[in-house]
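Take the model below as a whole before turning to single residues. The text moves from the fold of the chain to its backbone and then to its cysteines.

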Amino acid sequence: MQQLDLSDCSSLTCLPESSGSLSNLHLNLSACSSLTSLPKSLGQLSGLKRLDLGSCRGLVRLPEMGYQHNMSLVEVYMYVCVSLKSLPESWCQLSLLKTLAAPGCTSLNTVIDNMEGMTSLQILDLSGCDDLRQLPGKIPKQIKSIDLSDCYTHMVELAEQLVRIAEQAPGVKVKLGGWDSLMHSYKGQQDRPYSLAGRGFAGCAVLPSGLRFEHVGFLEEPNLLQETTSHVTPQERQR
């Protein structure tokens, strides 16, 4: 694999337009904190295999990918891109992408809505994306791991969306580290009779469809579950 390493170039503000002729390329732009965007031609690098954007704190926009370009892209790492708010929908066509990791992107509030075309995706890491409020509407069924650790600001909304994820991707492991306050967030909410316990999360921490959880010790605390289920309607208990 060829490597173009521009990491730690903190004064780098832009990249030149690329020719698209490089093959089997690992492009490392980690800690290029002054970069605010990437050239459109980067989205046409047909030989790009791995893209590292870690700690590109000023990055606010990513290039469009897909449309028969970048179809060789396998790994994308963009941890702590704190100014990034969304991912391009065109990335849904990256059929060879196995790892999409965006931990610590604290401004990220939505991800790609339809990921069904990402047929090789195994790992989706959104841990520490504290402003995340919308999970993919469609997820590839073969995905192995989704990390939502420390995504706690909108955890109630995300928890409801996990029911859909469970139906689409049976067997995926979901990491929920830092969600220990979830049950407490329901306490006293008389106008919101929704509960994880009422959706099959209680007890063994396994949904009937096979969704598995990691780092969810709060699910084993009877007191928390009892407090939460007190707000569950009879209809919810029957589901």
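In this predicted model, 57% of the contacts in the protein chain with a separation of 6 or more join residues 24 or more positions apart. The elements behind this picture are 4 helices and 9 strands. Their order along the sequence is β-β-β-β-β-β-β-α-β-α-β-α-α. The pattern thus opens with a run of strands, goes on with helices and strands in alternation, and closes on helices.

The chain has 239 residues, of which 46% count as buried. Its exposed surface comes to about 11,000 Å², and carbon and sulfur atoms supply 49% of that area.

Two residues deserve a look for their backbone angles. The loop between β2 (25-28) and β3 (48-52) holds A31. The phi of A31 is positive, near 65°, and the residue is not a glycine. Is A31 buried, partly exposed or exposed? With a relative accessibility of 22%, A31 is partly exposed, because the buried class ends at 20%.

The other residue is V80, in the loop between β4 (75-77) and β5 (99-101). V80 is likewise not a glycine, and its phi is positive at about 55°. The relative accessible area of V80 is 24%, so V80 counts as partly exposed.

The cysteines come next. How many disulfides does the count come to? The count is 0, where a disulfide would require a pair of cysteine sulfur atoms within 2.5 Å. C32 is in no disulfide: the nearest cysteine sulfur belongs to C9 and is 5.1 Å away. C32 is buried, at a relative accessible area of 0%.

C56 can be read against the cut-off of 2.5 Å as well. Which cysteine has the sulfur closest to that of C56? The closest one is in C81, and the distance is 5.2 Å, so the two sulfurs are too far apart for a bond. C56 has a relative accessibility of 0% and therefore counts as buried.

To go back over the residues named: A31 and V80 are partly exposed and lie in loops, each with a positive phi. C32 and C56 are buried. For C32 the nearest cysteine sulfur is 5.1 Å away, and for C56 the closest is 5.2 Å away.

Note on methods
Residues numbered from 1 in each chain as written. Predicted model: local features only at pLDDT ≥ 70, side-chain atom pairs only at ≥ 80, totals over all residues. Heavy atoms only, no water. Helix = DSSP H or I, 4+ residues; strand = E, 2+ residues; numbered from the N terminus. Buried < 20%, exposed > 50% of the residue type's maximum accessible area, 1.4 Å probe, protein only. Contact = heavy atoms within 4.5 Å. Areas by Shrake-Rupley, 256 points an atom, 1.4 Å probe, with all protein chains shown as cover.
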